[in-house]
Amino acid sequence: MTAHSGRHFLQIPGPTNVPDRVLQAIAQPTIDHRGPDFAELALELLQRVKPAFGTSGPVVIYPSSGTGAWEAALVNTLSPGDRVLAFETGHFASLWRDMAERLGLVIDFVPGDWRRGVDPRTVAERLAADKAHSIAAVMVVHNETSTGVTSRVPEIRAAIDEADHPALLLVDTISSLASIDYRHEEWGVDVTVSCSQKGLMLPPGLGFNAVSEKALAATAKARLPKSYWDWAPILEANERGYYPYTPPTNLFYGLREALLLLEEEGLPNVFARHNRHAAATRAAVRGWGLEVLCADEREYSSSLTAVLLGEEQDADKVRRIILERFDMSLGAGLGKLAGRVFRIGHLGDFNDLTLAGTLSGVQMGLELAGVPVDPAGLQAALEVLRAE
């Protein structure tokens, strides 16, 4: 590997770049997780994290990946043989479906082309047809990290209500939380799943479940096996600022600092910044003469953009050249998009000049890979940034 000077450009859709303030917070000495200092930290965090989810209810924080938080959402609310309505919006929606099946759930899986989000009309139709209310939950990935498509959760909630159906609404916000406007409580979500290494600007290691009263009530009859993921002992210990097992103390220090950064900028400003950067990225893609994978402008992601290349082109070759020549990592195409797309992450600790540098590297890499592009693409992005 060629040695490079300067910092590495980590422009995958997560893990994202960790701000220096967060790294310094994580580097503090570890404290006794049974002592009063930890209880004070935990009680503060359990309140401070709520606005990021748009909730006044409990948020369970696990030492885990987002995959663990997926499982927690399922096992705390459902029973073996329960029917779940799920949608093929991309690679991660498919993986969550696979997990649900392995846990013993019966999945009604609506196929998709990986270029669109969940269709609220389909939700309404499927639930209206379920006269016996045998569908126990609807699983939705808010922002599909593999495709750069954002499903319209408020419209999905409205569709569930239109059908007057009691199904729980479970939503994955792994690549949208603290990057794209999201409102757990206002939108009537029952379990919101997330993790630490994307919009929250932390290393991997924390999983989250924001939980509604309806979801908490569902635990009384949920019979899927659970132990580590069980909300009940965690919530009970959290009341005193503690955990039923060893918590990730130093990541909690980092989470507090990350939440302070979000508070200082203000979440509306955070969302507006992500919207601007996404618009500038799409302007570059179109200016190059290439295609944004997301096919519905209502569903454009503000945290990442997936770029679709022609069948005669190799997206992995483009990524390899960009990494070797310019020390920048871009996201690979996943699943059936392997080799067809590359993904530009523009979320987390990110500013205008970082985006300008990112898009410069992408344009040079495309040219070096022999992909015919119009060099005016970069200028189109700069025009968007300059206009704000």
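**Close-up 1. Arg273 and Glu265 make a salt bridge in this predicted model.** The closest N and O atoms of Arg273 and Glu265 are 2.7 Å apart. Arg273 is buried, with a relative accessible area of 14%, whereas Glu265 is partly exposed at 29%. Across the model, the count comes to 22 salt bridges.

**Close-up 2. Glu44, Arg48, Arg256 and Glu263 share a salt-bridge network.** Start with Glu44, which bridges to Arg48 with the closest N and O atoms 3.1 Å apart. These two sit four residues apart in helix H2, so about one helical turn separates them. Glu44 also forms a salt bridge with Arg256, here with 3.2 Å between the closest N and O atoms. Since Glu44 belongs to helix H2 and Arg256 to helix H10, this pair ties together parts that are 212 residues apart in sequence. As for exposure, Glu44 counts as partly exposed at 25% relative accessibility. Arg48 is partly exposed too, at 23%, and Arg256 is partly exposed with 23%.

**Close-up 3. Helix H10 (residues 249–265) is mostly covered.** Twelve of the 17 residues of H10 are buried, among them Phe252, Tyr253, Glu257 and Leu261. What do the buried residues of H10 pack against? Their partners are helices H1 (20–26), H2 (36–48), H3 (50–53) and H11 (267–288), plus strands E2 and E10. For a quick geometry check, 17 residues at 1.5 Å a residue should span 24 Å, and the end C-alpha atoms of H10 are 25 Å apart, which agrees. Right after H10 comes Gly266, with a positive phi near 90°.

**Close-up 4. Seven strands line up in an open, mixed sheet.** Reading across, the order is E2-E10-E9-E8-E5-E3-E4. Strands E2 (59–63) and E4 (106–110) stand at the edges with a single partner strand each, so one side of each has no neighbour in the sheet. From one strand to the next, the twist averages 20°. Inside the sheet, E3 (residues 83–87) and E5 (residues 135–141) pair in the parallel sense over three bridges; Val84 has Ala137 in E5 as its bridge partner. Helix H7 (residues 153–162) packs on this sheet, touching E5 and strand E8 (168–172), and its direction makes about 165° with that of E8.

**Close-up 5. Edge strand E2 pairs with E10.** E2 and E10 run antiparallel and are joined by five bridges, with Leu206 of E10 as the bridge partner of Pro63. Is E2 enclosed or open to the outside? Four of its five residues are buried, so E2 is largely enclosed by the rest of the structure. Helix H9 (residues 231–238) lies across E2, strand E9 (191–195) and strand E10 (206–211), running at about 105° to E2.

**Close-up 6. A second view of sheet pairing: five strands, again open and mixed.** The order here is E1-E13-E14-E12-E11. E1 (9–11) and E11 (291–292) stand at the edges, each with a single partner strand, so one side of each is left without a neighbour in the sheet. E13 (residues 328–332) and E14 (residues 341–345) pair in the antiparallel sense over two bridges, and Ala332 has Phe342 in E14 as its bridge partner. Helix H11 packs on the sheet, touching E11, E12 (304–308) and E14, with its direction at about 10° to that of E12.

**Close-up 7. Gly289 sits in the loop between H11 and E11.** Gly289 is exposed, with a relative accessible area of 62%. Its C-alpha atom is separated by 16 Å from that of Asp314, which is 25 residues away along the chain.

**Close-up 8. Thr354 lies in helix H13 (residues 352–368).** Thr354 is buried, at 11% relative accessible area. Leaving out residues up to four places away in sequence, Thr354 touches Arg7, Phe9 and Gln11.

**Close-up 9. Cys195 and Cys294 in a structure with zero disulfides.** Cys195 is buried, with a relative accessible area of 2%. Cys294 is buried as well, at 5%. How many disulfides does the structure hold? Zero.

Technical notes:
Residues numbered from 1 in each chain as written. Predicted model: local features only at pLDDT ≥ 70, side-chain atom pairs only at ≥ 80, totals over all residues. Heavy atoms only, no water. Disulfide = S-S within 2.5 Å. Buried < 20%, exposed > 50% of the residue type's maximum accessible area, 1.4 Å probe, protein only. Pairing = 2+ DSSP bridges. Axes fitted to C-alpha atoms, helices over the stretch in contact; angles between N-to-C directions. Contact = heavy atoms within 4.5 Å. Expected span 1.5 Å × (residues − 1). Salt bridge = Lys/Arg side-chain N within 4 Å of Asp/Glu carboxyl O.
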